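Me: Please set out how the assignments in this model are justified, taking each value against the criterion behind it.

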Amino acid sequence: MQPFANRECVTRVLEGAILGNMFFEPSTRTRVSFGCAWNLLGGEVRETAEIKTSAIAKGESFYDTARVLSGYSDVIVMRHQTEGSVEEFASASRVPVINGGDGSNEHPSQALLDLYTIRKEVSDLGKGVDNLRIALIGDLRFGRAVHSLCRLLSLYDSVHFTLVSPPELSLGEEYVKAIQEAGHEVVESTDLHDGISHADILYVTRTQEERFPNQKEAEKYKGLFRLNQSIYTEYCEPNTVIMHPLPRDSRGNANELDNDLNENPNLAIFRQTDNGVLIRMALFSLILDVADNIQESAKDVGWYTAKRF
Ligand code: NCD
């Protein structure tokens with residue numbers, strides 16, 4: 001998918017196909033990269049953003065909405081604030097539905113792009129995902145990207161998980177148990193410096209303020225773990241890779257990943273976002289069974305293309 005995402009060539013394998021992109025929660029990366037991935041394969045995108053612009057605001061059920069919209073689309077991507085909502089919607093849909101994030105539950109396509117990024121970053125350092133040492137930092141309770149990533153990494157061998165969070169925002173017991181039952185080591189810590197000192201990957205997350213009963217409650221946890229260049233230099237092994245699903249909360253009271261890391265070559269956050277397009281193109285082409293036709297229909301692009309990768 002890389003030459004297509006990099007605008008070296010174009011393909012129209014999904015010409016005429018329609019993506020229903022339904023985002024009922026704020027989104028920049030997931031919504032736009034799913035849309036771009038579909039467009040880069042030659043398809044058209046129809047977006048529904050916000051519940052108030054959909055008939056769900058008039059009391060329509062997920063069942064009815066899914067029956068209707070699946071008549072208009074070939075694939076649906078959906079994000080919604082309620083855990084289990086996407087599954088409920090999918091069970092009534094007549095076309096495949098991809099979970100773009102359901103509340104604090106799961107965010108599987110983010111985990112795929114994170115896994116792809118991890119594999120690429122550590123292979124440049126001569127390592128693999130087996131025996132990986134990853135420190136997951138921040139709001140592990142409500143962070144759905146973390147939940148899905150833990151599931152995927154658990155499929156590998158001997159991953160060492162360090163979980164750094166305040167006790168109230170620790171990773172749910174069911175996730176910890178599943179990781180351990182898959183044979184991996186889990187260490188829980190409330191100390192950032194300790195947690196980041198022997199890791200190949202730091203996966204930093206934002207306090208998921210929208211999941212708290214009120215803003216005041218969320219404020220208590222912002223800014224507890226802040227990574228910046230001087231902490232990185234003092235405590236991390238050389239070439240420790242820094243990841244974040246983004247958005248990072250750059251407001252002064254939070255700032256979990258400081259801008260002074262922007263020139264650090266081990267900061268992989270924008271390589272992650274670029275990889276989101278490739279991964280979502282791959283997902284669509286597998287789901288719609290066009291993976292084998294892409295190369296043969298490829299054409300060179302005729303415009304100036306900036307180097308992205
Ligand atoms: C994440 C999400 O929405 O769960 N962002 C994303 O999709 N890249 C993480 C977050 O919002 O903190």
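**Ligand contacts**

Reply: In this predicted model, a polar side-chain atom of T30 is 2.9 Å from an oxygen atom of the ligand.

Me: What makes the T30 pair a polar contact?

Reply: A polar contact requires N or O atoms within 3.5 Å of each other. The T30 pair, at 2.9 Å, therefore qualifies. R79 also places a polar side-chain atom 3.0 Å from a ligand oxygen atom, and a backbone N or O atom of L246 lies 2.8 Å from a nitrogen atom of the ligand. Taken alone, the ligand exposes 320 Å², of which the protein buries 94%.

Me: Which residues are around the ligand?

Reply: They are T30, R79, H107, Q110, R144, R206, Q208, P245, L246 and P247.

Me: How do you know whether the peptide bond from L246 to P247 is cis or trans?

Reply: Omega is near 5° for that bond, which is cis. Most peptide bonds are trans. P247 itself belongs to the loop between β10 and α11 (269–287).

Me: How do you know that the span of helix α2 agrees with its number of residues?

Reply: Helix α2 covers residues 29–40, that is, 12 residues, and at 1.5 Å a residue the expected span is 16 Å. The end C-alpha atoms are 16 Å apart, so the two values agree. Among the buried residues of α2 are T30, F34 and W38. Just after this helix, G42 has a positive phi of about 100°.

Me: Why is R7 called partly exposed?

Reply: The relative accessible area of R7 is 22%. Buried means under 20% and exposed over 50%, so R7 falls in between. R7 lies in the loop between α1 (2–5) and β1 (9–10), and its phi, near 60°, is positive although R7 is not a glycine.

Me: What makes S158 partly exposed?

Reply: Its relative accessibility is 43%, and because this value lies between 20% and 50%, S158 counts as partly exposed. S158 sits in the loop between α6 and β7 and has a positive phi of about 50°. Most residues other than glycine have a negative phi.

Me: Which residues have the most contacts inside the largest nonpolar core?

Reply: In this core of 28 residues, they are I118, I134, L136, L153, F161 and L171. Helix α6 gives the largest share, six residues. A second, separate core has 23 residues, including A5, W38, V277 and M281.

Note on methods:
Residues are numbered from 1 along each chain as its sequence is written. This is a predicted model: local features need pLDDT of at least 70, side-chain atom pairs count only at pLDDT 80 or more; totals for chains, interfaces and linings use all residues. Side-chain values use heavy atoms; hydrogens and water are left out. Helices (H or I, at least four residues) and strands (E, at least two) are DSSP runs, numbered from the N terminus. The expected span of a helix is 1.5 Å times one less than its number of residues. Buried means under 20% relative accessible area, exposed over 50%, partly exposed in between (1.4 Å probe, protein chains only). A nonpolar core is a set of buried Ala, Val, Leu, Ile, Met, Phe, Trp, Tyr and Cys residues joined through side-chain atoms within 4.5 Å. A residue is near a molecule or strand if one of its heavy atoms lies within 4 Å of it. A polar contact is a pair of N or O atoms within 3.5 Å; within protein, one must be able to donate a hydrogen and the other to accept it, and residues adjacent in sequence count only if both atoms are side-chain atoms. Accessible areas come from the Shrake-Rupley method with a 1.4 Å probe; for residues, only the protein chains shown count as cover.
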